[in-house]
Amino acid sequence: MSNSAAAATPSETLKCSVDAGFAEWLAESGGSLAISTYQAGRLFMVGWNGRQVSFLPRAFDRPMGLDISANRMALATRNSLFLFANSASLAPGYLAPNRYDALYLPHVEYHLPDLQIHDLAYAGKELWMVNTRLSCLCLPSVDATFEPRWQPRFIDDLAPEDRCHLNGLAVRNDRPAFVTALGSTNTPQGWRQDKHKGGVVIDIDSHETVLTGLAMPHSPRWHDGALWLLNSGEGQLLRMSA
């Protein structure tokens, strides 16, 4: 990924310690990881260079939602949605000969004023975003700030009030399938009153709540015929069968 204007300043020192098991797994996987962290304001590209784990940071303003599909990458920040494309033909010559096999260059930026996009995912040719501030799922738009597509049944108005802290999106068979929220509330930041056990998983097509009693659920993903998600308030990784 190339973003020299957003690179760490020379005065900053970043250190990384790597577990031996992680290094072995990454070497065998044949792939790389892209990790966003809004606390540090960084997007980290983590890979294996044939000898050791490589670690490439890039600075963004509160990066959160992130997804990669084929040669496309999308990243949501505090006020922007960045779309990148992999220029694989340029990668071998970036910084040092044959150091990288992928080079994601920014192609498009959408202005999204503090929508708190917590998660996003490619579903077929569409990019779906979790608009936490307005409690809905939406798409980027060239005519408006965003295009609303779906909201929980208990949300009666798309107001900038973070009513249920809708935060996670899982895609199944190229279609949005499940979302996570920290509550089923319809008042401004009402989820905060019971965030330790008010979390839910909602089926998008049916609008049915399929899992309740969660502690701050996040990051649902459909994999190998099951839904996986973080029950972060309890430090748990959950698997829900279809």
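Is Phe178 buried or exposed? Phe178 is buried, because its relative accessible area is 5% and buried means under 20%. This value, like the others in this report, comes from a predicted model.

**Phe178 and its ring partner**

Phe178 belongs to strand 13, and Trp222, in strand 16, is 44 residues away from it in the chain; their ring pair thus links distant parts of the chain. A pair of aromatic rings is described by the distance of the centres and the angle of the planes. For Phe178 and Trp222 the centres are 6.1 Å apart and the planes meet at 15°, so the pair counts as stacked. Trp222 has a relative accessible area of 24%, and is therefore partly exposed. The face of Trp222 also has a charged residue over it: Arg172 lies there, at 4.8 Å from the ring centre. A similar arrangement involves Tyr38, whose face has Arg62 over it at 4.3 Å from the ring centre.

The model has seven aromatic pairs. Ring pairs also join Phe60, Phe82 and Phe84 into a cluster.

**Two three-stranded sheets**

Strands of a sheet pair through backbone hydrogen bonds, either parallel or antiparallel. One open sheet consists of three strands in the order 1-2-3, with antiparallel pairing. Its edge strands are strand 1 (33–37) and strand 3 (53–59), each of which pairs on one side only. On average, neighbouring strands of this sheet are turned by 20° against each other, direction ignored. Strand 1 is joined by five bridges to strand 2 (residues 42–48), and the two run antiparallel. Within this pairing, Thr37 stands opposite Arg42 of strand 2. Helix 1 (residues 20–29) lies across strand 1, strand 2 and strand 3, and runs at about 75° to strand 2.

The second sheet to describe contains strand 16, the strand of Trp222. This open sheet has three strands in the order 16-17-18, and the pairing is antiparallel. Strand 16 (217–223) and strand 18 (236–241) are at the edges with a single partner strand each, so one side of each has no neighbour in the sheet. Here the neighbouring strands are turned by 20° against each other on average, direction ignored. Five bridges connect strand 16 with strand 17 (residues 226–231), and these strands run antiparallel. Pro217 has Asn231 in strand 17 opposite it.

**A hairpin and the loop after it**

Strand 4 (residues 66–69) and strand 5 (residues 72–76) run antiparallel and are joined by four bridges. They form a hairpin with two residues between them, and Ala70 in the turn has a positive phi of about 55°. Leu66 has Leu75 in strand 5 as its bridge partner.

Between strand 5 and strand 6 (80–86) is a loop that holds Thr77. With a relative accessible area of 9%, Thr77 is buried. Not counting residues up to four places away in sequence, Thr77 touches Phe60, Asp61, Arg62, Pro63 and Phe82. Among these contacts, Phe60 and Phe82 are members of the ring cluster, and Arg62 is the residue over the face of Tyr38.

**Nonpolar cores**

In soluble globular proteins, nonpolar side chains tend to be buried together. The largest nonpolar core here has 16 residues, of which Trp128, Leu137, Trp150, Leu166, Leu169, Val179 and Ile204 touch the most other members. Strands 8, 9, 10, 12, 13 and 14 each give two or more residues to this core. Trp150 touches Cys136, Leu137, Val179, Ile202, Ile204 and His207, not counting residues up to four places away in sequence. A second, separate core has 15 residues, including Leu83, Tyr122, Leu127 and Cys136.

**Cys16**

Cys16 is placed in the segment before helix 1. Its relative accessibility is 48%, so Cys16 counts as partly exposed. From Cys16 to Cys138 there are 122 residues in sequence and 36 Å in space, C-alpha to C-alpha.

**Accessibility of the residues discussed**

The table collects the accessibility values given above.

| Residue | Relative accessibility | Class |
|---|---|---|
| Phe178 | 5% | buried |
| Thr77 | 9% | buried |
| Trp222 | 24% | partly exposed |
| Cys16 | 48% | partly exposed |

Key:
Residues are numbered from 1 along each chain as its sequence is written. This is a predicted model: local features need pLDDT of at least 70, side-chain atom pairs count only at pLDDT 80 or more; totals for chains, interfaces and linings use all residues. Side-chain values use heavy atoms; hydrogens and water are left out. Two strands pair if DSSP finds at least two bridges between them. Axes are lines fitted to C-alpha atoms, for helices over the stretch in contact, and angles run from 0 to 180 degrees between N-to-C directions. Contact means heavy atoms within 4.5 Å. A nonpolar core is a set of buried Ala, Val, Leu, Ile, Met, Phe, Trp, Tyr and Cys residues joined through side-chain atoms within 4.5 Å. Buried means under 20% relative accessible area, exposed over 50%, partly exposed in between (1.4 Å probe, protein chains only). Rings of Phe, Tyr and Trp (its six-membered ring) pair if their centres lie within 6.5 Å; planes under 30 degrees apart count as stacked, over 60 as edge-to-face and the rest as tilted. A charge sits over a ring if NZ of Lys or CZ of Arg is within 6 Å of the ring centre and within 35 degrees of the ring normal.
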